[in-house]
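I opened this entry to keep track of what I looked up, in the order I looked it up. Confidence, core packing, salt bridges and backbone angles are on my list.

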Amino acid sequence: MDLEIRHLRVICAIAESGSLTRAAKTLRLSQPGLTAQLRRIETMLGGTLFERAPQGVRPTAFGELVLARSRAVLPAIDDLVFGLRAPAPNRALRIGTVNAPLLAGLLTWLDAAQPEAVVTTVTRGASTRLVELVEAAQLELAVVGDCPGFELAARPSVVMQPVATEPVFAMMAVGHPLAARTEVTLAELAAEDWIAPPPDDDRIREYWATIFHEAGLTMRVRHEVEGPVLLDLVLAGRGVSLCQATSRQLPGLAIKPIAGNPLWYRHLLAWHRDGPFTAVAAEVIEHARRAYDEASRRNDAYPAWRWPRS
């Protein structure tokens, strides 16, 4: 049995996970199967790569040497496979996104950069689910997001690159008393009835509640809905809610900054380390940031907040 590239990836996955159990999950193998494979690799290399520790496994001195060589070799292999390979006809690129303003700009860039590609898109309510699809190689790229203290969990096979961080604003109907304000406070919002999305895997609702709790306040949620229904209820004056600062301005909707900027949201791109976007990472991030700058002008409140007049 000869040493193969996939064996180097197994070694790196175990080292990055620090646990055979976690590495097996990442590699989609059974733990006994991974353990047996590691033993075969160690036999081929002629030495023990990992030793067991109370918290998992850690590389031996020999293992550190093998890891250093593997980490030097694998990027070059990835560049050869994904960066230098001629694009196949009708190549499929599957893009996922949460409710974020980056997708249209990214698709415009992809049309120009890879006109031979067949691009498909899907949306999901939770970023966590999209990252799982990237990890499983069911998506080539995903637009995701998280909040301070509730960041998306790192996964060894997935690259997550920040694009922009923006404040979270309040939204209400234009006829609401707070709509006449230049900015609103958390205390003023806490005094209102709330329309909020249900809790999900991304814990964004939990993040909102945490910020209010730390200020000694409570969100009085009357309507737990999401998507178009949430917007319909806000426009009908049934309560207030929160939104990304880049949210599109709709007739009848007022978007207002929150005093002190207590809430934040971070936009990220996620792709598989072995996927086609690794070779064009700098380009895709650049165009995502351009798309974000365009989206920053979609309502009146965010440009005034982001570029205040001197």
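**Backbone angles**

I began with Arg-203, which counts as partly exposed at 39% relative accessibility. I placed Arg-203 in the loop between β7 (193-196) and α8 (204-214). Its phi is near 65°, a positive value in a residue other than glycine.

Asn-261 came up next. Phi of Asn-261 is near 50°, again a positive value in a residue that is not glycine. I found Asn-261 in the loop between β10 (253-256) and β11. Asn-261 has a relative accessibility of 24% and counts as partly exposed.

**Confidence**

I noted that this is a predicted model. I looked up the chain average: the mean pLDDT is 89. Of the residues in the chain, 95% reach 70 or more. I then went through the elements. Helix α4 (residues 61-83) has the lowest mean pLDDT, 74, and β10 has the highest, 98. Over residues 82-89 the pLDDT is below 50. I still find 11 contacts for this stretch in the model, beyond near neighbours in sequence.

**Core packing**

I turned to the nonpolar cores. The largest one has 70 residues. Which members touch the most other members? I listed Leu-189, Leu-242, Leu-263, Leu-269, Phe-277 and Val-284. Strand β6 (residues 158-173) gives the largest share of this core, with nine residues. Apart from this core I noted another, of 17 residues, including Leu-8, Ala-23, Ala-24 and Phe-50. For background, I wrote down that nonpolar side chains tend to be buried together in soluble globular proteins.

I picked Leu-263 for a contact list, leaving out residues up to four places away in sequence. Leu-263 touches Glu-166, Pro-167 and Val-168. Leu-263 also touches Leu-186, Tyr-207, Trp-208 and Ile-211. Leu-242 and Ile-258 complete the list for Leu-263.

**Salt bridges**

How many salt bridges are there? My count comes to 15. I looked at three pairs and one network.

Asp-146 and Arg-266 meet through their side chains in a salt bridge, 2.8 Å from N to O. The pair links distant parts of the chain, 120 residues apart. Asp-146 sits in strand β5 (residues 141-146), and Arg-266 in strand β11 (residues 264-272). Is Asp-146 buried or exposed? Asp-146 has 3% relative accessibility, so I put it down as buried. Arg-266 is partly exposed, with a relative accessible area of 24%.

Glu-4 forms a salt bridge with Arg-6, and the closest N and O atoms are 2.7 Å apart. Glu-4 counts as partly exposed at 37% relative accessibility. Arg-6 is partly exposed too, with a relative accessible area of 42%.

Arg-290 and Glu-286 form a salt bridge at 2.4 Å, N to O. Both lie in helix α10 (residues 281-295), four residues apart, about one turn of the helix. I recorded Arg-290 as partly exposed, with a relative accessible area of 47%. Glu-286 is partly exposed as well, with a relative accessible area of 37%.

Last, the network. Salt bridges that share partners join Arg-129, Glu-132, Glu-135 and Arg-155 into one network.

Notes. Residues are numbered from 1 along each chain as its sequence is written. This is a predicted model: local features need pLDDT of at least 70, side-chain atom pairs count only at pLDDT 80 or more; totals for chains, interfaces and linings use all residues. Side-chain values use heavy atoms; hydrogens and water are left out. A nonpolar core is a set of buried Ala, Val, Leu, Ile, Met, Phe, Trp, Tyr and Cys residues joined through side-chain atoms within 4.5 Å. Buried means under 20% relative accessible area, exposed over 50%, partly exposed in between (1.4 Å probe, protein chains only). Helices (H or I, at least four residues) and strands (E, at least two) are DSSP runs, numbered from the N terminus. Contact means heavy atoms within 4.5 Å. A salt bridge is a side-chain nitrogen of Lys or Arg within 4 Å of a carboxyl oxygen of Asp or Glu. pLDDT is the predictor's confidence in each residue, from 0 to 100.
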